[in-house]
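Ready to practise reading a protein model? Take a look at the sequence and the structure below, then try each exercise before you read its solution.

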Amino acid sequence: MKRNQMITTVGAGNLVANIENDEFSYPKEFKKLAITFTPITSKKDNRKYEKLDLRFVKDGVAVLIETKIDFNNDLDSAKEQLAAYVQYEKQLFPTNKIVAILANTTNDDILVWRGVVSDMDFMPTETKLKTIDEYIDFYTTKINNKEKVMSNTYKLNELLHRYGISEDLRSQFVGTCLLGLKNGLDYNIPSLTAKQIRARFSEILENLLNGDLRKAEKLVLLNKNVIDSQDVRALKIEDFRKILEFIEENILPFINDKSTAGQDLLNLFFITFNKYVGKQDKNQAFTPDHITDFMSKICGVNKHSVILDPCCGSGSFLVRAMTQALDDCSTAEEQAEVKKKQIYGIEYDENVYGLATTNMLIHSDGNSNIRVGSCFDYEDLIKDTKPNVILMNPPYNAQRKHLPEAFTDTWPKDKKEDPTKGFYFVKYICDTLNKANVQATLACLLPVACAIGSSSDISAIKGKILEENTLDAVFTLPGEVFYPGASASACCMVFKIGKKHKDVSNPDTFFGYYKDDGFKKKKNIGRVEQVDSKGNSKWDAIEKQWIELYRNRRSVDGLSAVKKVTGKDEWLCEAYMKTDYSKLSDADFQKTINDYLAFLVKEGHVYES
């Protein structure tokens with residue numbers, strides 16, 4: 001394709017050039033912005049890489065195209081050159097998302113990478129040049145696709161029930177099927193048996209886990225709990241094919257795990273699926289992906305972050321944080337460093353640990369540092385890894401066996417569940433990092449009861465946490481944020497570990513009344529993202545507002561407040577914000593009266609007329 005055709009295809013109005021021939025000189029731009037330019041040179045002939053052929057920018061996405069007569073003549077050099085331009089782009093415009101392309105001028109052949117020019121980010125199915133709006137979609141949320149995945153997940157649940165796959169196995173089994181299909185499993189060979197499909201799954205897992213220090217442990221668990229489980233061994237070949245065909249035709253087409261939207265969708269699949277099968281375990285509250293995204297952003301996750309989730313569940317926090325960190329990388333080497341040394345998780349439940357491993361494998365991280373067991377047994381690991389970002393959703397009703405005896409021995413004999421509603425996990429992480437002199441940001445989801453702190457156990461632990469750490473922010477979240485799984489009303493608390501709350505340099509605590517996230521309940525699907533009149537995501541706009549209010553610590557009636565608090569105070573925005581009366585309606589007044597009357601009836605109060 002000729003260069004003028006490329007410009008027309010991608011979008012002439014978004015072409016950004018600063019020298020003749022529609023080219024872009026990076027040294028010139030570095031000089032313009034008063035930044036020192038250090039050229040990257042060719043390994044072959046020491047030639048400086050300085051001028052990119054075509055550069056397009058729109059809505060924070062930069063499309064970089066380097067043209068060749070035939071890039072296959074020296075593919076390594078062509079990729080090296082394109083990778084240099086990606087690094088320059090990241091230095092100049094660190095917030096820009098990047099699509100990097102090699103394109104031939106003698107035919108229509110192209111190679112496309114989302115982000116860094118690395119094997120992980122290569123997009124083999126992208127064989128035709130697209131418009132810049134289509135490339136922007138690599139980094140944005142496809143709302144309709146999300147609904148489709150959620151709807152098809154419900155149908156898949158019914159299909160698995162029909163074929164005898166038990167509830168506690170379904171998520172892990174489907175995750176294994178996804179891995180197989182993503183890695184070339186051909187299930188339609190006429191002579192293939194169900195036993196051979198299971199063997200192929202094992203081979204794929206073994207290859208993906210190469211280099212993992214816990215390869216043997218993970219393989220044993222995944223084979224024992226999934227591939228060799230009684231339910232899977234009982235599947236007939238025709239039933240196996242129907243399940244794989246459904247996943248291939250009704251799940252995979254809506255998931256592109258090379259894009260940010262794809263990362264969201266894949267994680268959403270796990271979360272949505274688990275909500276349908278986890279109702280028997282009220283202690284499992286799978287965090288919605290848009291909430292993990294929000295929490296990663298307020299913690300400022302980037303390529304320098306070392307992230308820990310000590311109660312990682314299916315790995316949703318780790319996947320989202322890893323995606324955000326990788327997006328900040330400029331080179332394949334930086335990406336490898338993030339994946340190998342900066343993502344850590346601990347999960348108590350053996351089956352859920354397997355799900356987290358599969359989730360990370362699907363996201364091209366076969367060497368993830370996820371451990372199975374109690375976080376209370378990994379104090380040395382937590383100290384040694386020195387995490388600077390902790391994201392967590394601890395169990396709210398942990399039993400005695402889940403917690404250290406030093407803590408459970410203080411309970412009344414008839415007490416069966418954690419009286420701090422998960423707060424003890426937070427204190428343990430804070431105490432562990434304080435012992436190691438590690439400063440970090442910790443964002444956690446806890447039930448609203450922890451913020452109110454009316455019980456003596458909760459009130460006491462709040463005060464203890466603030467002795468060595470700061471309560472930076474508390475966000476009241478939508479009442480049904482975990483629907484249709486757990487029913488707990490939750491808030492997000494943010495702590496600065498290693499800085500005393502009473503430090504005079506600390507700003508007052510920010511409180512957000514973040515009850516409306518733009519999602520609505522939909523039968524048989526869950527909470528679904530809504531769009532405005534122009535088809536734009538309501539959540540995108542809401543998240544930007546939430547973050548802006550927090551960053552600038554602004555008080556807005558009905559939405560936020562800033563207040564100096566102690567461990568004895570309520571940690572909820574509702575206690576401190578001013579009412580926005582302009583938004584009250586007759587319906588709001590009537591609902592309040594109805595709720596009050598219902599309360600009186602429930603409490604047994606009877607009034608004579």
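The exercises below go from empty space to sheets and then to single residues.

Before you start, note that this is a predicted model, in which local features need pLDDT of at least 70 and side-chain atom pairs count only at pLDDT 80 or more, while totals for chains, interfaces and linings use all residues. Residues are numbered from 1 along each chain as its sequence is written, and side-chain values use heavy atoms, with hydrogens and water left out.

**Exercise 1. Describe the largest pocket and its lining.**

Step 1: Learn the terms. On a 1 Å grid over the protein atoms alone, a pocket is an open set of points with protein on both sides within 12 Å along at least five of seven lines, a cavity is a set where a 1.4 Å probe fits but cannot get out, and lining residues have an atom within 4 Å of a point. Grid points are joined across faces, edges and corners, and the volume is the space filled by probe spheres set on the points.

Step 2: Find the pocket. Its volume is about 1,400 Å³. It is lined by 42 residues, and those closest to the centre are Tyr-139, Thr-140, Lys-297, Asp-540 and Lys-544.

Step 3: Sort the lining. Count Ala, Val, Leu, Ile, Met, Phe, Trp, Tyr, Cys and Pro as nonpolar, Asp, Glu, Lys and Arg as charged, and the others, Gly among them, as polar. The lining of the largest pocket then has 18 charged, 13 polar and 11 nonpolar residues.

Step 4: Trace the lining to helices. Helices (H or I, at least four residues) and strands (E, at least two) are DSSP runs, numbered from the N terminus. Helix 21 gives the largest share of this lining, seven residues. Helices that each supply at least two residues include helix 5 (143–162) and helix 11 (260–277).

**Exercise 2. How many cavities of 30 Å³ or more are there, and what lines the second largest cavity?**

Step 1: The count is three cavities of 30 Å³ or more.

Step 2: The second largest cavity has a volume of about 180 Å³. Of its 21 lining residues, Arg-114, Met-120, Asp-121, Asp-327 and Gln-335 are the closest to its centre.

Step 3: This lining divides into seven nonpolar, seven polar and seven charged residues. Helix 13 contributes four of the lining residues, the largest share.

**Exercise 3. In what order do the strands of the four-strand sheet lie?**

Step 1: Two strands pair if DSSP finds at least two bridges between them. The order in this open sheet is 5-6-7-8, with mixed pairing. Strand 5 (54–58) and strand 8 (110–114) are the edge strands, each pairing on one side only.

Step 2: Look at one pair. Strand 5 and strand 6 (residues 61–68) run antiparallel and are joined by five bridges. Within this pair, Arg-55 stands opposite Leu-64.

**Exercise 4. Which strands stand at the edges of the nine-strand sheet?**

Step 1: The order of this open, mixed sheet is 11-10-9-12-13-15-14-16-19. Strand 11 (369–372) and strand 19 (560–563) each have a single partner strand, so one side of each is left without a neighbour in the sheet.

Step 2: Check one edge. Strand 10 (residues 343–347) pairs with strand 11 in the parallel sense over four bridges. Here Tyr-344 stands opposite Asn-369.

**Exercise 5. Is Phe-56 buried or exposed?**

Step 1: Buried means under 20% relative accessible area, exposed over 50%, and partly exposed in between (1.4 Å probe, protein chains only).

Step 2: Phe-56 lies in strand 5. Its relative accessible area is 0%, so Phe-56 is buried.

Step 3: Look around it. Contact means heavy atoms within 4.5 Å. Leaving out residues up to four places away in sequence, Phe-56 touches several residues, among them Met-6, Ile-7, Val-63 and Ile-132.

**Exercise 6. Where does Ala-34 lie, and what is its phi?**

Step 1: Ala-34 sits in the loop between helix 2 (26–32) and strand 2 (40–41).

Step 2: Most residues other than glycine have a negative phi. Ala-34 is not a glycine, yet its phi is positive, about 60°.

Step 3: Ala-34 counts as exposed because its relative accessibility is 71%.
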